[in-house]
Amino acid sequence: LYKAVVSTQSTGDSEDKQKAHKNKFLGIAPKLGFRFVGANVYNTVDKTVQKFDKRWGLSFTVENAACKTEEYFSNSETVRTDVLPTLIRQLQELLSYYTSQNLFWLCRSSLLVVYDGLVPQKGIVKMIDFAHNTSQENDIDNTQVEVGLENLIDILSHIHQGRTKMWTFSK
């Protein structure tokens, strides 16, 4: 179970609410287009669940984002790269849909990324929060969700290729 918030924007809220929202996204979110809010990982060695909370998510930097993301896919024995092609494909499909549709813009949304720690190659990505959306007629910068998805896909691709430490922020 892994939750990432894609984008850093808020719209339709009062100025005070927008300011408070911006303060939540200090750190990597304005650059990467996403932030991590938590994860649960099953440790196959000692049969326990390791919980990563918001503090873990706030510990991400542009420099360590790929390595910290890899922690979610590690079960203490190995990095579960077998689930990554499925997750990457689903994120690419989500990105393709989002960039090709003209019905709405997401100011931000949450992604739930789940894989079964015991079943090979099985994972799923769900977008679970649509509360912060607007029609395309409103004048907002809609690129953050796209940038967030692209960067997450890029990070997962590097992890899958065994090149986690080689990932560098480029956008």
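**Group meeting talk: a walk through the model**

Okay, let's start at Leu118, which sits in the loop between β5 (109-115) and β6 (123-127). Before I go on, please keep in mind that this is a predicted model. Is Leu118 buried or exposed? Leu118 has a relative accessible area of 65%, and exposed starts over 50%, so Leu118 counts as exposed. Leu118 also has company: together with Tyr42, Val49 and Val119 it makes up a nonpolar patch on the surface. Added together, those four residues offer about 350 Å² of accessible area.

Now let me zoom out for a minute. The protein has 171 residues, and 46% of them count as buried. You'll find six helices and seven strands in there. If you read from the N terminus, the order goes β-α-α-β-β-α-α-α-β-β-β-β-α. For the whole protein, the accessible surface is about 9300 Å², and carbon and sulfur atoms account for 51% of that. How much of the contact list comes from residues 24 or more positions apart? Taking the contacts with a separation of 6 or more, the answer is 70%.

Next up, strand β2. It covers residues 34-43, and eight of its ten residues are buried, so the strand is largely enclosed by the rest of the structure. Which strand does β2 pair with? Its partner is β3, residues 48-52; the two run antiparallel, with five bridges joining them. If you want a spot to look at on screen, find Ala39, which stands opposite Phe52 in β3. The two strands make a hairpin, and there are four residues between them. One of the turn residues, Lys47, has a positive phi of about 60°.

On to the helices, and I'll take α5. That one spans residues 84-100, which is 17 residues. From first C-alpha to last, α5 reaches 24 Å, close to the 24 Å expected at 1.5 Å a residue. Plenty of names on its buried list: Leu84, Thr86, Leu87, Ile88, Gln90, Leu91, Leu94, Leu95 and Tyr98.

That same helix also has a salt bridge in it: the side chains of Glu93 and Arg89 meet at 3.1 Å, N to O. Both residues lie in α5, four residues apart, about one turn of the helix. Why does that spacing matter? An α-helix has 3.6 residues a turn, so residues three or four places apart point the same way. As for exposure, Glu93 is partly exposed with a relative accessible area of 45%, and Arg89 is also partly exposed, at 41%.

How many salt bridges does the structure hold? Four. I've shown you one of them, and I'll do two others. In helix α4, residues 65-72, Lys68 and Glu71 are three residues apart, about one turn of the helix. They form a salt bridge, with the closest N and O atoms 3.8 Å apart. Here the two ends fall into separate classes: Lys68 counts as buried at 15% relative accessibility, whereas Glu71 is partly exposed at 30%.

Then there's Asp82 with Arg80, where the closest N and O atoms of the salt bridge are 2.8 Å apart. Arg80 counts as buried, with just 6% relative accessibility. Asp82, on the other hand, is partly exposed at 26%.

Last stop, the C-terminal stretch. Helix α6 runs over 143-160, and Thr164 lies in the segment after it. Is Thr164 buried or exposed? Thr164 has 5% relative accessibility, which means it counts as buried, the cut-off for that class being under 20%. And what is Thr164 in contact with, once you leave aside its neighbours within four places in sequence? The list is Ala66, Cys67, Glu70, His158 and Ile159.

While you're looking there, find Asp154 in helix α6. Asp154 is partly exposed, with a relative accessible area of 27%. Its C-alpha is separated by 8.2 Å from the C-alpha of Trp167, and the two residues are 13 apart along the chain.

To wrap up, three spots to revisit on your own screens: the exposed Leu118, the hairpin of β2 and β3, and the buried Thr164. That's it from me, thanks!

Methods:
Residues numbered from 1 in each chain as written. Predicted model: local features only at pLDDT ≥ 70, side-chain atom pairs only at ≥ 80, totals over all residues. Heavy atoms only, no water. Buried < 20%, exposed > 50% of the residue type's maximum accessible area, 1.4 Å probe, protein only. Pairing = 2+ DSSP bridges. Contact = heavy atoms within 4.5 Å. Areas by Shrake-Rupley, 256 points an atom, 1.4 Å probe, with all protein chains shown as cover. Expected span 1.5 Å × (residues − 1). Patch = residues over 30% accessible without salt bridge, like charges linked within 9 Å, V, L, I, M, F, W, Y side chains within 5 Å.
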